[in-house]
Amino acid sequence: MITGFNTDVRHGDVVFHVQTEDKGTGNPCIESLVYVGGQILARKRAGYRSLLDGAEALKAVAELMERQHRSMIQQIRSGEMDEKVAAIKGAAAARTAPAEAAPARPAPTQVAPPPEPEPTRPAPAPPPAARPAEKPAPAPAKEPPAPAPASPASAGATAATPLPPRPARPKPGARLPPVPPVRPKPVLPAVPPPRPAARRPPASAPEPRVPERPEPDSADRTLDQVILEYLEMESDQERLVMTMNRRAGSLEAGGEATLLFRTESSVDRDPIGQALITVRLISTIDEPQVLAEGRTNDDGELVLRVAIPELQTGSGAVIINAESSIGNAETRHLI
């Protein structure tokens with residue numbers, strides 16, 4: 001199995017992480033994955049079973065891995081993955097967007113039912129004719145007719161409306177006209193009194209300060225918002241990128257390997273010289289020990305020969321750390 005590559009590529013305002021690794025002779029395949037914020041954006045696989053029979057199989061597989069890794073980086077820089085990134089951002093915005101509140105329907109105005117019509121009173125009978133007398137007696141003074149009582153509903157709605165005058169009494173034998181039906185007056189809904197106008201402060205008084213809206217609590221933010229904020233913060237910072245290519249040997253207990261390291265900037269991809277690269281061995285039974293170390297040249301390259309001691313019991317890992325003026329980088333390999 002050949003140690004793979006891990007590279008951060010900045011394109012626009014998004015940082016892509018490209019990882020290429022060898023699945024081993026049991027599954028002769030080279031797989032490249034492109035991550036954005038912990039989510040797999042693209043995947044590419046290439047089999048190399050036909051290369052295992054050659055004399056320089058290890059070198060051919062390493063070159064194939066490096067070409068595939070650089071091909072994925074070129075796709076990012078050429079903008080072939082911009083649509084997929086836009087789709088991820090659109091899905092995150094849709095999940096965080098607040099639901100629109102439905103407009104409240106006004107409550108129906110309750111109108112009181114019309115009052116029942118007052119029954120029509122029959123017309124009074126004409127008085128009997130007066131007998132002739134020697135001397136007519138003076139007629140008694142007529143009392144004003146009593147007004148008809150108004151219904152409670154009509155009195156509440158139109159208390160100040162005067163009653164119409166009563167018609168004159170018909171002559172004896174005259175035909176009474178038809179009495180028109182009494183139509184109830186509609187009851188209008190009660191109108192609330194107008195609110196008093198708010199008093200304006202004098203011109204000399206200072207305007208009240210509107211309190212600032214507090215920042216949203218971090219517990220209310222979604223995971224997508226946290227990832228996008230982290231990517232925006234990391235995209236503006238220059239970081240160290242370290243890649244490793246195994247030229248010969250194998251990284252296993254009791255073996256030796258020749259490793260080629262490259263260090264470059266994550267922003268402009270320029271080589272980083274004088275970066276200190278240290279290869280250490282850690283295990284579950286012994287103390288950590290340094291296997292090899294050195295500094296990269298002006299082209300950002302360093303070749304180290306690493307001899308890994310035999311492990312009788314337990315398990316271990318090879319830790320490779322790079323230190324430079326723009327930051328550190330680290331990679332691990334289990335043995």
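**Sheet, cores and selected residues**

An open sheet of four antiparallel-paired strands, in the order 8-7-10-11, is present in this predicted model. Strand 8 and strand 11 (327–334) lie at the edges of the sheet; each has a single partner strand, so one side of each is left without a neighbour in the sheet. From one strand to the next, the twist averages 15 degrees. Strand 7 and strand 10 run antiparallel and are joined by eight bridges. Across this pairing, L281 stands opposite V318 in strand 10.

The largest nonpolar core comprises 21 residues. The residues with the most contacts inside this core are L259, F261, I277, V279, L304, V306 and I320. At least two residues of the core come from each of strand 5 (240–249), strand 6 (256–265), strand 7 (276–283), strand 8 (289–295), strand 9 (301–307) and strand 10 (316–324). A second core, separate from this one, has 14 residues, among them V9, V18, I76 and L231.

The surroundings of I277 were examined further. When neighbours within four places in sequence are left aside, I277 is in contact with F261, T263, A292, E293, G294, T296, L302, L304, I320, N321 and A322. Of these partners, F261, L304 and I320 are also listed, like I277 itself, with the residues that have the most contacts inside the largest nonpolar core.

Two residues from other parts of the chain were also considered, beginning with S32. This residue is found in strand 3 (residues 29–36). The relative accessibility of S32 is 0%, and S32 therefore counts as buried, the cut-off being under 20%. A polar contact of 2.9 Å links the side chain of S32 to the side chain of T20. T20 also appears in the list of residues that S32 touches, which leaves out residues up to four places away in sequence and includes Q19, A42, R43, K44, Q68 and M72 as well.

The other residue, M233, is placed in helix 4 (residues 223–235). M233 has a relative accessibility of 46% and so counts as partly exposed, because this value falls between the limits of 20% for buried and 50% for exposed. In sequence, M233 and V14 are 219 residues apart, while in space their C-alpha atoms are 9.9 Å apart.

How values were computed:
Residues are numbered from 1 along each chain as its sequence is written. This is a predicted model: local features need pLDDT of at least 70, side-chain atom pairs count only at pLDDT 80 or more; totals for chains, interfaces and linings use all residues. Side-chain values use heavy atoms; hydrogens and water are left out. A nonpolar core is a set of buried Ala, Val, Leu, Ile, Met, Phe, Trp, Tyr and Cys residues joined through side-chain atoms within 4.5 Å. Buried means under 20% relative accessible area, exposed over 50%, partly exposed in between (1.4 Å probe, protein chains only). Contact means heavy atoms within 4.5 Å. Two strands pair if DSSP finds at least two bridges between them. Axes are lines fitted to C-alpha atoms, for helices over the stretch in contact, and angles run from 0 to 180 degrees between N-to-C directions. A polar contact is a pair of N or O atoms within 3.5 Å; within protein, one must be able to donate a hydrogen and the other to accept it, and residues adjacent in sequence count only if both atoms are side-chain atoms.
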